[in-house]
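Student: I'd like to go through this model and ask where each label comes from. Can we start with the contacts?

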Amino acid sequence: MAAVRVGVIGVGMIGQDHIRRLTRVLAGSEVMAVTDSDLARAKSVADSLPAARMHTTGQDLIRDSSVDAVVVASWGASHEEYVLACIAAGKPVFCEKPLATTQEACLRILEAEVAFGRRLVQVGFMRRYDPAYVALKQTLSSGAIGAPLMMHCAHRNPSVPAHYTSDMAITDTTVHEIDVVRWLLDDEIMATSVLTPRRNRRAGELRDPLFVLLEMASGALVDVEVSVNIDYGYDIRGEVVGESGVATLAESNVITVKRSGSFMGHVPVDWRERFIAAYDAEFRAWLDSVEAGVPTGPSTWDGYAAAAVCDAALAALREGRRQLVALQKRPSFYD
Ligand code: NAD
Ligand code: ISE
C-alpha cells in the first residue's frame, strides 16, 4: 500500500514529536512538507527530513498536491483557519487539541464538515488511546464496580512555557479531562464550577492551581485538580468511585525501588514520556483511517463538546459561580 503523504503545520514541541513518530516509529507515511510561523524552525526541521519541503504558510502547505493529509500542531488559536482550509480542500486532518479555542469556532468547523458530507477531522485527544485509560474504560463497561458515581482527577504539570496563560489552564490543560470523562463515563457534562485555591508562589501571574467541578448528565460528579507549576513531575491521576468499588489509574512507572528505609518510583518528566504509547496508538489509528478512507477517533463533535465545556468553565472562573453547559443537538453525521 502507498504511504500516506503528510504535511505538518507547526513544528514546535509536539509537531516535532509527531514527525519523529511518523518517520521513525510507525510505518506507512512520509512527511512531504512542513511549515511554521517561525520560518527558521520550519527550515531546520525540513532540512532534517529526506523528502520534506518547507512552505512559508499553512495555506500553501494544504494546497500542495504532494500532501494527502495534514497534521495541525500549531497553537490553538490558529487551528480553526487550518482545519477549515483542509476541509475545503477535502484533505483528512489530524488537529491537535483543542480543535479550536471557542465553541463558536468549533461549530464553524462542524458546519463545514457536515456540508462537505464526510468526516475528515480527528482531534488529538490521545488519552482515549492510553492503555491505562482504555483499561479503566473496560473495567467500567464490565460493570465490575457498578455505576460510576464520582471521579477524582489530577492533572499536574511540573511547569508550563512562557506563552501559557491562565485561560489555557482550562482550554489547553483541563480540556484533556473534559474529553476523557465524557468518553470514559459515556456521559455529557451539564454544568461546571471552578474554585481557586491558595495560589502557588511558583506560578508568577498565573492563577494556579484550579479546582474544577464537572456535573455529568447522569448525576455523577467529577473533580479535577489542575496544577501547572508543581515542579516534582508530570502526574496524571484518575479514580472512579462506583456503587460497589473503585477503579484507579495505576502509577505509570514500571518498577518501584525499596531502599534504605524508603520506597521510590519514577514520575514522568512531561506529557511526551507519560503518553508515548497513547500518541503512537493514536497516530497508528489515524494513518490507518486515512488509508481506509474511514475516519475514526475523536471527532469534530468531541472537539466542539469539549470547547463548550471550556467556555462554561472560563465563565465560571471569571464570574465565580456555577455555569450550565448548553450543547447544540448532535448531528446524526457524528453517531
Ligand atoms: P509549541 O509552542 O512548542 O509549538 C507550536 C509551534 O506552532 C511553534 O513552533 C509556533 O511557532 C508554531 N505556530 C504558532 N502559530 C502558528 C501559526 N499560525 N501557523 C503556523 N505555525 C504556528 O507548542 P506545542 O506544545 O507543540 O503545542 C502545539 C499544539 O499542540 C497546541 O494546540 C497544544 O495544545 C497541543 N499539544 C497537545 C498535547 C497533547 O498531549 N495532546 C501536548 C502538547 C501540545
Ligand atoms: C499541553 O498542551 C498538553 O496537551 C499536555 O498533555 C498537558 O498536560 C499540558 O498541560 C498542556 O499544556
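Tutor: Sure, first the rule: a polar contact is a pair of N or O atoms within 3.5 Å; within protein, one must be able to donate a hydrogen and the other to accept it, and residues adjacent in sequence count only if both atoms are side-chain atoms. This is a predicted model, where local features need pLDDT of at least 70, side-chain atom pairs count only at pLDDT 80 or more, and totals for chains, interfaces and linings use all residues. Side-chain values use heavy atoms, with hydrogens and water left out, residues are numbered from 1 along each chain as its sequence is written, and chains are lettered from A and ligands numbered from 1 in the order in which they are written.

Student: What makes the pair between His155 and ligand 2 a polar contact?

Tutor: A side-chain N or O atom of His155 is 2.6 Å from an oxygen atom of ligand 2, and the limit is 3.5 Å, so the pair counts. Asn157 puts a polar side-chain atom 2.9 Å from a ligand 2 oxygen, and for Tyr234 a side-chain N or O atom is 2.7 Å from an oxygen of that ligand. As for cover, ligand 2 has 300 Å² of accessible area on its own, and the protein covers 87% of it (areas come from the Shrake-Rupley method with a 1.4 Å probe; for residues, only the protein chains shown count as cover).

Student: Why is Trp271 listed around ligand 2?

Tutor: A residue is near a molecule if one of its heavy atoms lies within 4 Å of it. The residues around ligand 2 include Trp271, Lys97, Asp172 and His176.

Student: How are the residues of that shell divided by class?

Tutor: Three are nonpolar, four polar and two charged. Here Ala, Val, Leu, Ile, Met, Phe, Trp, Tyr, Cys and Pro count as nonpolar, Asp, Glu, Lys and Arg as charged, and the others, Gly among them, as polar. Helix α7, residues 168-185, gives the most to this shell, with three residues. Helices (H or I, at least four residues) and strands (E, at least two) are DSSP runs, numbered from the N terminus.

Student: Now ligand 1. Which backbone atoms come up there?

Tutor: A backbone N or O atom of Met13 is 2.9 Å from an oxygen atom of ligand 1, and Ile14 has a backbone N or O atom 2.9 Å from a ligand 1 oxygen. The side chain of Asp172 brings an N or O atom to 2.6 Å from an oxygen of ligand 1. Taken alone, ligand 1 exposes 840 Å², of which the protein buries 88%. Around ligand 1 there are 25 residues; by class, nine are nonpolar, 10 polar and six charged.

Student: Where does ligand 1 sit?

Tutor: Ligand 1 sits in the largest pocket, and the space taken by ligand 2 is the largest pocket too. A molecule sits in a cavity or pocket if more than half of its atoms lie within 2 Å of its grid points.

Student: Why does the chain's radius of gyration fit a compact globule?

Tutor: With 335 residues, a compact globule would come out near 20 Å, and the chain has 20 Å, so the two agree. The radius is taken over C-alpha atoms, and the rule is 2.2 Å times the number of residues to the power 0.38.

Technical notes
On a 1 Å grid over the protein atoms alone, a cavity is a set of points where a 1.4 Å probe fits but cannot get out, and a pocket is an open set with protein on both sides within 12 Å along at least five of seven lines; lining residues have an atom within 4 Å of a point.
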